[in-house]
Amino acid sequence: MTLPAVLKRVPLPIIASPMFIISTPQLVIEQCKAGVVGSMPALNARPASQLDDWLAEITETLAAHDRAHPDSPAAPFAINQIVHKSNDRLEHDMAMCAKYKVPIVITSLGAREDVNQAVHGWGGIVMHDIINNKFARKAVEKGADGLIAVAAGAGGHAGVKSPFALIQEIRQWFHGPLALSGAMATGDAVLAALAMGADFAYIGSAFIATEEARAVQGYKQMIVDSSSDDIVYSNLFTGVHGNYLRGSIVNAGMDPDQLPESDPSKMDFGGDAKRAWKDIWGCGQGIGAVKDIVPTRELVARLRREYLAARERLNLR
């Protein structure tokens, strides 16, 4: 299947994942200018009215960039919407996305036909993140244009499936846009994702250790200093299983090897969760490749060099 026109405008096959608290317009803009899809959660704008200002900043800055660089326009951006019933801001945030005709909406925690139709109404596309083949089918049945396969090792709300198994099962029936998430922080991993059948690599944790990311210095440095051995999988902090930095759990006075289970019915992605767990730091298993805190443009430049070098090694022109 041919990619939608908006996804053909991505010079490097990477979608930067939207990160709770971390992603802001500054990071999104630099990601897009560097040639990858930049994204952020709508819920990062607080109060809700700030989302209007942020979307204006992103669209106006990227438009100015494109006018100044007609031969190398920016990649499109995406906004993540939590469509779970706990998100009481969804209607407001969707209205803001409609106002600015956000080109890509990434939906999470439930597939909703009404949300997909709304995005299609202003000409956007929907990429829905899933952790298994069952949820993938439901998302497409309800009108999602593309899928984000969240495999084992991904930062945030990660699944447990091997990327090989997950991509293989999805590609048996789905031929639309597909991104793969899970422990990727090198250009070699980007090429591997494409070799498995994905159209894009979905990368998050590596972008935390960039100058533009809204993360405290200790968070960024802990990513640089850590490896996959330092990642803990737990549902304690939001009600949904995710991957977190061991050191941040220890610093919060908890034993990362003895965390209790949380009640999934108490899922919270709003202000209470942000305040209660602001020092519990999400992260994926791919961070062993992150050695320095750098500007976003330098991270993307490294990923591009590694991706092209990997293609060269395999004689892929």
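Leaving aside the neighbours within four places in sequence, Arg302 is in contact with Ala185, Thr186 and Ala289, in a model that is predicted. Arg302 has its place in helix H12, which covers residues 296-313. Is this arginine buried or exposed? With a relative accessibility of 17%, Arg302 counts as buried, because the cut-off for that class is under 20%.

From this one residue the view can be widened to the chain around it. Helix H12 belongs to a chain with twelve helices and ten strands. The radius of gyration of the chain is 18 Å, which is close to the 20 Å that the globule rule gives for 317 residues, and the chain is therefore as compact as a globular protein of that length. Along its principal axes, the C-alpha trace spans about 50 × 45 × 40 Å.

The burial computed for Arg302 can be set beside the figure for the whole chain, in which buried residues make up 54% of the 317 residues. As for the contacts between residues at least 6 apart in sequence, 65% of them join residues that are at least 24 apart; the contact of Arg302 with Ala185 is one that links separate parts of the numbering.

There remains the surface and its charge. The chain exposes about 13,700 Å², of which carbon and sulfur atoms supply 51%. Its side chains include 31 that are positive and 34 that are negative, and the centres of these two sets lie 3 Å apart.

Technical notes
Residues numbered from 1 in each chain as written. Predicted model: local features only at pLDDT ≥ 70, side-chain atom pairs only at ≥ 80, totals over all residues. Heavy atoms only, no water. Helix = DSSP H or I, 4+ residues; strand = E, 2+ residues; numbered from the N terminus. Rg over C-alpha atoms; globule rule 2.2 N^0.38 Å. Buried < 20%, exposed > 50% of the residue type's maximum accessible area, 1.4 Å probe, protein only. Contact = heavy atoms within 4.5 Å. Areas by Shrake-Rupley, 256 points an atom, 1.4 Å probe, with all protein chains shown as cover. Lys, Arg positive; Asp, Glu negative; His and termini not counted. Charge placed at Lys NZ, Arg CZ, Asp CG, Glu CD.
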